[in-house]
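Trainee: Got a minute to look at a model with me? I'd like to know what sits where.

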Amino acid sequence: FDKMQQEMAKLGVTVQKAGSSFLEQTINVTSGKLENDILQVFFMISALASVPTAIAINLVWAIGLAYDWSFVPPGDWGSILSVEFIPLFVVGIATGLLWTSWILEFLDLQNPEILVGNCPSCNNPIKLFSGGAAPQKNVNYSCENCGCKMVLDTEDRQITMAGASAEEVRDTQSFDWKKAWDDVKGAARRARQ
(Lines give C-alpha, C1' and ligand atoms only; values in the text may rest on other atoms or scores of the structure.)
Protein backbone atom coordinates (compact mmCIF):
# COMPACT_ATOMS: atom_id res chain seq x y z
CA PHE A 1 0.00 0.00 0.00
CA ASP A 2 2.82 2.42 0.87
CA LYS A 3 4.50 1.88 -2.49
CA MET A 4 1.21 2.45 -4.34
CA GLN A 5 0.56 5.55 -2.23
CA GLN A 6 3.98 6.99 -3.20
CA GLU A 7 3.45 6.23 -6.89
CA MET A 8 0.00 7.82 -6.87
CA ALA A 9 1.39 10.89 -5.03
CA LYS A 10 3.79 11.41 -7.96
CA LEU A 11 0.71 11.64 -10.19
CA GLY A 12 -0.93 14.11 -7.81
CA VAL A 13 -3.49 11.65 -6.40
CA THR A 14 -3.90 11.36 -2.64
CA VAL A 15 -4.54 7.82 -1.43
CA GLN A 16 -5.53 7.04 2.15
CA LYS A 17 -6.71 4.03 4.06
CA ALA A 18 -9.71 6.01 5.34
CA GLY A 19 -12.93 4.05 5.32
CA SER A 20 -11.26 0.65 5.36
CA SER A 21 -12.21 -1.83 8.05
CA PHE A 22 -8.58 -1.73 9.22
CA LEU A 23 -8.81 1.93 10.13
CA GLU A 24 -12.29 1.65 11.60
CA GLN A 25 -11.15 -1.14 13.90
CA THR A 26 -8.16 0.86 15.13
CA ILE A 27 -10.22 3.90 16.10
CA ASN A 28 -11.00 3.59 19.75
CA VAL A 29 -11.50 6.75 21.72
CA THR A 30 -10.39 5.79 25.19
CA SER A 31 -10.05 9.40 26.24
CA GLY A 32 -11.43 11.97 23.86
CA LYS A 33 -10.55 14.75 26.26
CA LEU A 34 -8.48 17.73 25.17
CA GLU A 35 -6.61 19.66 27.85
CA ASN A 36 -5.38 23.24 27.88
CA ASP A 37 -1.58 23.28 28.02
CA ILE A 38 -1.22 26.25 30.36
CA LEU A 39 2.58 26.12 30.24
CA GLN A 40 2.58 26.54 26.43
CA VAL A 41 0.05 29.40 26.70
CA PHE A 42 2.23 31.10 29.32
CA PHE A 43 5.31 30.63 27.11
CA MET A 44 3.46 32.09 24.09
CA ILE A 45 2.25 35.17 25.99
CA SER A 46 5.67 35.66 27.63
CA ALA A 47 7.36 35.54 24.24
CA LEU A 48 4.90 38.09 22.85
CA ALA A 49 5.30 40.31 25.93
CA SER A 50 9.10 40.28 26.12
CA VAL A 51 9.82 42.85 23.40
CA PRO A 52 7.15 45.45 24.34
CA THR A 53 8.10 45.14 28.01
CA ALA A 54 11.83 45.57 27.34
CA ILE A 55 11.09 48.59 25.11
CA ALA A 56 8.81 50.10 27.77
CA ILE A 57 11.37 49.68 30.58
CA ASN A 58 14.12 51.28 28.46
CA LEU A 59 11.76 54.05 27.32
CA VAL A 60 10.73 54.93 30.90
CA TRP A 61 14.37 54.95 31.97
CA ALA A 62 15.36 57.14 28.98
CA ILE A 63 12.54 59.63 29.70
CA GLY A 64 13.61 59.77 33.34
CA LEU A 65 17.21 60.47 32.33
CA ALA A 66 16.15 63.08 29.76
CA TYR A 67 14.09 65.04 32.30
CA ASP A 68 16.79 64.53 34.96
CA TRP A 69 14.36 63.32 37.59
CA SER A 70 16.11 62.91 40.93
CA PHE A 71 14.79 59.40 41.62
CA VAL A 72 16.08 58.07 38.28
CA PRO A 73 19.37 56.19 38.63
CA PRO A 74 22.29 57.17 36.37
CA GLY A 75 22.54 55.75 32.86
CA ASP A 76 25.03 52.94 33.52
CA TRP A 77 24.18 49.25 33.70
CA GLY A 78 25.25 48.92 37.34
CA SER A 79 22.36 51.16 38.38
CA ILE A 80 19.88 48.44 37.40
CA LEU A 81 20.73 46.73 40.68
CA SER A 82 20.00 49.86 42.76
CA VAL A 83 16.81 50.41 44.77
CA GLU A 84 16.00 53.57 42.78
CA PHE A 85 15.46 51.46 39.67
CA ILE A 86 12.50 49.49 41.16
CA PRO A 87 9.78 52.17 40.52
CA LEU A 88 10.97 52.58 36.92
CA PHE A 89 10.99 48.81 36.50
CA VAL A 90 7.39 48.55 37.79
CA VAL A 91 6.17 51.38 35.52
CA GLY A 92 8.00 49.80 32.57
CA ILE A 93 6.49 46.37 33.22
CA ALA A 94 2.98 47.84 33.60
CA THR A 95 3.38 49.76 30.33
CA GLY A 96 4.77 46.67 28.58
CA LEU A 97 1.85 44.55 29.78
CA LEU A 98 -0.61 47.18 28.56
CA TRP A 99 1.05 47.20 25.13
CA THR A 100 1.01 43.39 25.12
CA SER A 101 -2.73 43.33 25.80
CA TRP A 102 -3.22 45.68 22.83
CA ILE A 103 -1.07 43.44 20.66
CA LEU A 104 -3.06 40.35 21.71
CA GLU A 105 -6.31 42.12 20.86
CA PHE A 106 -4.96 43.40 17.53
CA LEU A 107 -3.77 39.91 16.53
CA ASP A 108 -7.10 38.39 17.73
CA LEU A 109 -5.36 36.20 20.31
CA GLN A 110 -7.56 37.00 23.31
CA ASN A 111 -8.38 34.12 25.67
CA PRO A 112 -5.75 31.80 24.20
CA GLU A 113 -5.91 28.05 24.74
CA ILE A 114 -3.55 25.45 23.35
CA LEU A 115 -5.56 22.23 23.38
CA VAL A 116 -3.61 18.97 23.46
CA GLY A 117 -4.73 15.36 23.26
CA ASN A 118 -4.05 12.14 21.36
CA CYS A 119 -5.24 10.86 18.00
CA PRO A 120 -7.80 8.09 18.58
CA SER A 121 -6.27 6.04 15.77
CA CYS A 122 -2.50 6.20 16.27
CA ASN A 123 -2.07 8.04 19.61
CA ASN A 124 -0.04 10.75 17.86
CA PRO A 125 -0.18 14.03 19.84
CA ILE A 126 -2.78 16.59 18.76
CA LYS A 127 -2.10 20.29 19.34
CA LEU A 128 -4.60 23.00 18.39
CA PHE A 129 -4.73 26.74 19.13
CA SER A 130 -8.10 28.14 20.10
CA GLY A 131 -8.78 31.74 20.98
CA GLY A 132 -9.78 35.13 19.73
CA ALA A 133 -12.87 37.25 20.11
CA ALA A 134 -15.13 34.55 18.64
CA PRO A 135 -13.35 31.17 18.71
CA GLN A 136 -14.66 28.43 16.43
CA LYS A 137 -16.62 25.81 18.42
CA ASN A 138 -16.04 22.79 16.13
CA VAL A 139 -12.78 22.44 14.23
CA ASN A 140 -12.06 19.87 11.52
CA TYR A 141 -8.69 18.30 12.20
CA SER A 142 -6.69 15.66 10.36
CA CYS A 143 -3.93 13.70 12.08
CA GLU A 144 -0.54 14.45 10.53
CA ASN A 145 0.63 10.89 11.13
CA CYS A 146 -2.22 8.61 10.01
CA GLY A 147 -4.64 11.01 8.28
CA CYS A 148 -7.52 10.18 10.64
CA LYS A 149 -10.16 12.89 10.37
CA MET A 150 -11.81 14.17 13.52
CA VAL A 151 -13.90 17.04 14.80
CA LEU A 152 -12.56 18.83 17.89
CA ASP A 153 -15.01 20.65 20.16
CA THR A 154 -13.05 23.59 21.58
CA GLU A 155 -15.73 24.64 24.08
CA ASP A 156 -16.19 21.23 25.70
CA ARG A 157 -12.52 20.33 25.04
CA GLN A 158 -13.14 16.93 23.51
CA ILE A 159 -12.98 14.94 20.29
CA THR A 160 -16.58 14.63 19.15
CA MET A 161 -16.18 12.52 15.98
CA ALA A 162 -13.33 10.51 14.51
CA GLY A 163 -12.89 8.36 11.42
CA ALA A 164 -13.93 8.53 7.80
CA SER A 165 -17.33 10.08 8.58
CA ALA A 166 -15.96 12.89 10.78
CA GLU A 167 -16.89 16.20 9.21
CA GLU A 168 -18.27 19.27 10.83
CA VAL A 169 -21.93 19.74 10.02
CA ARG A 170 -22.14 23.15 8.38
CA ASP A 171 -25.69 23.25 7.09
CA THR A 172 -28.54 22.58 9.49
CA GLN A 173 -31.17 22.32 6.74
CA SER A 174 -31.18 19.27 4.53
CA PHE A 175 -31.36 19.50 0.76
CA ASP A 176 -34.91 19.13 -0.54
CA TRP A 177 -34.54 16.60 -3.38
CA LYS A 178 -38.26 16.58 -4.19
CA LYS A 179 -38.38 20.35 -4.67
CA ALA A 180 -35.24 20.27 -6.85
CA TRP A 181 -36.67 17.48 -9.02
CA ASP A 182 -39.99 19.32 -9.37
CA ASP A 183 -38.08 22.44 -10.44
CA VAL A 184 -36.19 20.45 -13.10
CA LYS A 185 -39.43 18.88 -14.42
CA GLY A 186 -41.13 22.31 -14.47
CA ALA A 187 -38.24 23.84 -16.41
CA ALA A 188 -38.37 20.95 -18.93
CA ARG A 189 -42.16 21.46 -19.43
CA ARG A 190 -41.70 25.18 -19.97
CA ALA A 191 -38.93 24.53 -22.49
CA ARG A 192 -41.22 22.21 -24.54
CA GLN A 193 -44.05 24.73 -24.71
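Mentor: Sure. Bear in mind this is a predicted model. A good place to start is α3, which lies across β1, β2 and β3 and runs at about 145° to β2.

Trainee: What span should α3 have, and what do its end C-alpha atoms give?

Mentor: Helix α3 covers residues 38–66, so 29 residues at 1.5 Å each should span 42 Å. The end C-alpha atoms are 41 Å apart, which agrees.

Trainee: Where does α3 bend?

Mentor: At Ser50, by about 35°. There's a proline, Pro52, that follows within four residues.

Trainee: And which α3 residues are buried?

Mentor: Val41, Ala49, Pro52, Thr53, Ala56, Ile57, Val60, Trp61 and Gly64. So Pro52 turns up again, this time as one of the buried residues. Just after the helix, Asp68 takes a positive phi of about 55°.

Trainee: Back to those strands under discussion. What's the order in the sheet of three?

Mentor: The order is β1-β2-β3, an open sheet with antiparallel pairing. β1 (35–36) and β3 are the edge strands, each pairing on one side only.

Trainee: How many bridges join β1 to β2?

Mentor: Two, with the strands running antiparallel. Asn36 stands opposite Leu115 of β2 there.

Trainee: Tell me about Leu115, then. Buried or exposed?

Mentor: Leu115 counts as buried because its relative accessibility is 1%, and the cut-off for buried is under 20%. It belongs to strand β2, residues 113–118.

Trainee: What does Leu115 touch, apart from its sequence neighbours?

Mentor: Skipping anything within four places in sequence, Leu115 contacts Leu34, Glu35, Asn36, Ile126, Lys127, Leu128, Ser130, Thr154 and Arg157. Also, Asp37 is 78 residues away from Leu115 in sequence, yet their C-alpha atoms are 6.2 Å apart.

Trainee: Ser130 is on that list. Which strand is Ser130 in?

Mentor: Ser130 is in β3. With 8% relative accessibility, Ser130 counts as buried. Outside its local stretch of four places either way, Ser130 is in contact with Asn111, Pro112, Glu113, Leu115, Pro135 and Thr154.

Trainee: New topic: which residues make up the largest nonpolar core?

Mentor: There are 12 of them: Leu34, Leu115, Cys119, Ile126, Leu128, Val139, Tyr141, Cys143, Cys148, Met150, Leu152 and Ile159. The elements giving two or more residues to this core are β3 (125–130), β4 (138–142) and β5 (149–153).

Trainee: Let's do β5. Why call it largely enclosed?

Mentor: Because four of its five residues are buried, β5 is largely enclosed by the rest of the structure.

Trainee: How does β5 pair with β4?

Mentor: They pair in the antiparallel sense, over five bridges. One of the partnerships is Ser142 with Lys149 of β5. The hairpin has six residues between the strands, and Gly147 in it takes a positive phi near 80°.

Trainee: And how many bridges pair β5 with β6?

Mentor: Four, again in the antiparallel sense, with β6 covering residues 158–162. Val151 has Met161 in β6 as its bridge partner.

Trainee: What about the hairpin of β5 and β6: which residue takes a positive phi there?

Mentor: Arg157, near 55°, in a hairpin with four residues between the strands. You've met Arg157 already, as one of the contacts of Leu115.

How values were computed: Residues are numbered from 1 along each chain as its sequence is written. This is a predicted model: local features need pLDDT of at least 70, side-chain atom pairs count only at pLDDT 80 or more; totals for chains, interfaces and linings use all residues. Side-chain values use heavy atoms; hydrogens and water are left out. A nonpolar core is a set of buried Ala, Val, Leu, Ile, Met, Phe, Trp, Tyr and Cys residues joined through side-chain atoms within 4.5 Å. Buried means under 20% relative accessible area, exposed over 50%, partly exposed in between (1.4 Å probe, protein chains only). Contact means heavy atoms within 4.5 Å. The expected span of a helix is 1.5 Å times one less than its number of residues. The bend at a residue is the angle between axes fitted to the seven residues ending there and the seven starting there. Two strands pair if DSSP finds at least two bridges between them. Axes are lines fitted to C-alpha atoms, for helices over the stretch in contact, and angles run from 0 to 180 degrees between N-to-C directions.
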